[in-house]
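User: Hi! Could you take me on a close look at a single part of this protein, one strand and the pieces around it?

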Amino acid sequence: MNVRTFDAITLAPGVASGPVLKLDEPLSFWGGLDSATGTIIDRLHPQRGASVAGRILMMPGGRGSSSGSATLAEALRLGKGPAAILMLERDAIVVVGAMVAAELYELACPVALAKGQDWEALAAAASLTLEAGANGAAISAVP
């Protein structure tokens, strides 16, 4: 097995592994995700119908509504949220949702900022492991 490792920036700490779900567009968790099922329900989103549950969710960034933090935290509480989230742009709403789940429910959903030049290689992996700590993040990609 040929595992590649990539550096990233930690936005919310934790360790997680799972299969990859790469979104073509940003997702608004509020109105875009059914927190009870983990299914993308935004009728205009290219990945509508896909499940984020247990996946390493790759999305370029977040998309609005501050209520999205609560939706993400609720999906994590119900066991239907992503295992981890990788983004290309910082999004405070996504980070706050992960932090709330960690604080209230003791459920880690690490969030990291990946490098643009690594994005396609990460998306092509069958599975990823994200180890996000205080001194940075490492992403291991299994082809």
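Analyst: Happy to; here is a walk around strand β6 and its surroundings. This is a predicted model, in which local features need pLDDT of at least 70 and side-chain atom pairs count only at pLDDT 80 or more, while totals for chains, interfaces and linings use all residues. Residues are numbered from 1 along each chain as its sequence is written, and side-chain values use heavy atoms, with hydrogens and water left out.

Let's start with the strand itself. Helices (H or I, at least four residues) and strands (E, at least two) are DSSP runs, numbered from the N terminus. Strand β6 covers residues 84–87; A84 and L86 point one way, I85 and M87 point the other way, and all are buried (under 20% relative accessible area, with exposed over 50% and partly exposed in between; 1.4 Å probe, protein chains only). In a regular strand the side chains alternate between the two faces of the sheet.

Now for the neighbours. Strands pair if DSSP finds at least two bridges between them. β5 (residues 56–59) runs parallel to β6, with four bridges joining them, and I56 has A84 as its bridge partner. To get from β5 to β6, the chain passes through helix α2 (residues 68–77) in a right-handed β-α-β crossover. Right-handed here means that, with the strands pointing away from the viewer, the path from the first strand over the helix to the second runs clockwise.

Helix α2 holds T71, which counts as buried because its relative accessibility is 10%. Beyond its neighbours within four places in sequence, T71 is in contact (heavy atoms within 4.5 Å) with F29, W30, L33 and S35.

Moving on from β6, its pairing with β7 is also parallel, over three bridges, and L86 has A112 in β7 as its bridge partner. β6, α3 and β7 form a right-handed β-α-β unit.

Finally, look at the loop between α3 (92–105) and β7 (111–113), where L107 sits. E106 is found in that loop too. Although E106 is not a glycine, its phi is positive, at about 55 degrees. E106 counts as exposed because its relative accessible area is 72%, whereas L107 is partly exposed at 31% relative accessibility.
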